[in-house]
Amino acid sequence: MNARTASYAKSNNQTQRDVRNLANLGETASTSRVLNLSQIFNVAGRTPGYTSAPFFRNSQLNKALLIKHTLRATERELFSRPRRTATKIIMPFDAGDLRLGGRSIFVNQIGFNTFVNSYFNSSDLASNTDLQILQHLDEIPSLDPFLVREHLARFNFRPDPCYLKISPHDLNEMIGFANAEIEHLVMTAFGKGMEQAALKLTSKILANNLDSDLEPLKQTFRMNDEDFSEGMFSWRGFLYFKWRQTQLQADIKQVVDGLHSYKTIGPAEAGTREYLAEVRPRLAKKIIASIVSTRKTLRVYDEAYAALTQGADAAPFRKFLMNGPSMFFELGESIGILSHIGSFWSYRMGARMAHLRLSPAEFADILVDFEDSLINVDLPSAASTALQL
């Protein structure tokens with residue numbers, strides 16, 4: 001690693017905090033923010049799929065942690081173009097003991113290709129599939145497994161399902177939400193009196209533990225083993241995205257309210273003042289439009305689910321499960337962008353930082369970044385006055 005590379009090595013000034021954070025990632029990390037290949041190695045490293053369809057070919061990189069990281073001011077100079085988030089690669093010194101720390105580098109930071117050339121001992125970067133995967137991961141705003149799978153599949157990269165799971169932390173957080181969704185369908189497939197077993201079956205579905213206990217569900221959908229596995233992956237994806245969208249509501253409301261009320265400090269140039277006056281309402285409308293769009297996509301799932309649980313017709317839901325992943329890219333991208341906006345606003349403009357108000361130029365710079373991330377979102381029409389969070 002060169003001198004400009006951020007590191008979790010023991011020698012840096014934040015050793016204790018950084019090592020502690022690295023060791024705790026497996027327990028507390030958000031699925032959308034962290035892909036913990038070290039944990040996957042410890043859990044699934046001896047399974048056939050782990051070695052036959054690895055995420056990365058390089059064995060050390062295949063035990064790394066990938067993080068969607070909000071750049072600190074001192075880290076932005078590591079890049080040749082302005083950006084606020086980056087994909088961070090952390091390679092542990094020991095995948096079995098993250099307390100020992102590791103080394104890190106950002107994808108596409110200055111000197112990244114030189115590092116890759118040295119690390120992979122390859123001068124032909126264009127044909128290096130691991131580098132290509134890293135570049136593709138850097139293109140998306142989130143590392144949730146459903147978005148990752150669909151995005152990499154576009155480039156014919158298909159890692160084994162063992163690499164594409166919801167983190168233990170998020171599983172614990174969403175289990176209650178998912179159980180409420182799954183319980184009605186369990187009653188349909190297994191019959192009445194299964195309320196106590198529903199939570200157990202929910203855990204199996206979310207954790208991809210598709211054993212014989214789920215056989216009645218497979219028979220309800222009239223699926224073979226392969227289709228059932230794909231269908232349950234699709235169902236997990238929509239449950240995950242519904243849960244994430246619900247979790248986002250408070251953060252996004254804070255952003256929309258704050259766009260109207262946030263007060264900068266210090267004088268503003270005429271151009272900056274004019275831009276802020278125009279962008280505040282425009283950005284709020286784009287954020288609301290993006291939320292409404294995700295709701296409309298998720299409503300397709302709700303309608304197919306209702307046909308099964310209320311009309312006892314499994315065909316629409318079965319069809320939906322098989323075709324559902326085609327919606328994952330749009331959903332994952334939208335929710336990932338909204339999550340970034342919400343978390344960054346909370347971090348930089350929330351109550352905790354109220355005493356460090358931004359200058360007009362600093363605030364405008366952040367809003368430019370937000371608006372750029374929503375460039376593909378169309379403003380709602382003048383007639384759409386009922387949009388509510």
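## Salt bridges, rings and buried faces

Glu 215 is partly exposed, with a relative accessible area of 31%. That is where our tour of this predicted model starts. The side chain of Glu 215 meets that of Lys 218 in a salt bridge, and Lys 218 counts as buried at 11% relative accessibility, because the cut-off for that label is under 20%. Both residues belong to helix H9 (residues 215-221), where they sit 3 residues apart, or about one helical turn. There's a simple bit of helix geometry behind this: an α-helix has 3.6 residues a turn, so residues three or four places apart point the same way.

### More charged pairs

How many salt bridges does a search of the whole structure find? The count is 12. Here are three of them, with the N to O distance for each.

| Acidic residue | Basic residue | N to O distance |
|---|---|---|
| Glu 215 | Lys 218 | 3.3 Å |
| Glu 75 | Arg 72 | 3.0 Å |
| Glu 371 | Arg 282 | 2.5 Å |

Take the pair of Glu 371 and Arg 282, whose side chains meet in a salt bridge. Glu 371 is in helix H14 (residues 360-373) and Arg 282 in helix H11, so this contact ties together parts that are 89 residues apart in sequence. Glu 371 is buried at 13% relative accessible area, while Arg 282, at 24%, is partly exposed.

The bridge between Arg 72 and Glu 75 also joins two residues with unlike labels: Arg 72 is partly exposed, at 40% relative accessible area, and Glu 75 is buried, at 6%. Elsewhere, salt bridges link up into a network, made of Arg 84, Asp 365 and Asp 369.

### Charges over rings

Some charged ends sit over aromatic rings instead. For Arg 154, the ring is that of Phe 329, and its centre is 3.8 Å from the charged end. Lys 63 does likewise with Phe 41, at 4.5 Å from the ring centre.

### Helix H12 and its ring partner

Now for helix H12, which covers residues 314-323. Just at its start, a side-chain oxygen of Asp 313 comes to within 3.2 Å of the backbone nitrogen of Ala 315. Which residues of the helix are buried? They are Ala 314, Phe 317, Phe 320 and Leu 321. Looking down the axis of H12, you'd find these buried residues within an arc of 130°, so they line one face of the helix.

Phe 317 deserves a second look, as its relative accessibility is 0%, which counts as buried. It also takes part in an aromatic pair. The structure has 29 aromatic pairs in its count. In one of them, the rings of Tyr 305 and Phe 317 have centres 5.8 Å apart and planes at 70°; the pair is edge-to-face because the angle is over 60 degrees. Tyr 305 lies in helix H11 (residues 270-309) and Phe 317 in H12, so to speak two distant parts of the chain, 12 residues apart. Tyr 305 is buried too, with a relative accessible area of 8%.

### Helix H4, seen from both sides

Helix H4 (residues 112-119) has Phe 112, Phe 115 and Val 116 as its buried residues. Down the axis of H4, these fall within an arc of 100°, so they line one face of the helix. Thr 114 and Ser 118, on the other side of H4, are exposed.

### A strand between two partners

Let's turn to the strands. Strand S2 (residues 65-70) has 5 of its 6 residues buried, so the rest of the structure largely encloses it. S2 pairs with strand S1 (residues 34-36) in the antiparallel sense, over 3 bridges. Opposite Leu 66 of S2 stands Leu 35. S2 also runs antiparallel to strand S3 (residues 85-92), and 6 bridges join the two. One partner to look for in S3 is Ala 86, bridged to His 69.

### After H14

Finally, go to the segment after H14, where Leu 374 lies. Is Leu 374 buried or exposed? Its relative accessible area is 1%, and it is buried. Leu 338 is 36 residues away from Leu 374 along the chain, yet their C-alpha atoms are separated by 8.8 Å.

Definitions and conventions:
Residues numbered from 1 in each chain as written. Predicted model: local features only at pLDDT ≥ 70, side-chain atom pairs only at ≥ 80, totals over all residues. Heavy atoms only, no water. Buried < 20%, exposed > 50% of the residue type's maximum accessible area, 1.4 Å probe, protein only. Helix = DSSP H or I, 4+ residues; strand = E, 2+ residues; numbered from the N terminus. Pairing = 2+ DSSP bridges. Arc of directions from axis to C-beta. Polar contact = N/O pair within 3.5 Å; in protein donor to acceptor, adjacent residues only side chain to side chain. Phe/Tyr/Trp six-rings, centres within 6.5 Å; stacked < 30°, edge-to-face > 60°. Lys NZ or Arg CZ within 6 Å of the ring centre and 35° of its normal. Salt bridge = Lys/Arg side-chain N within 4 Å of Asp/Glu carboxyl O.
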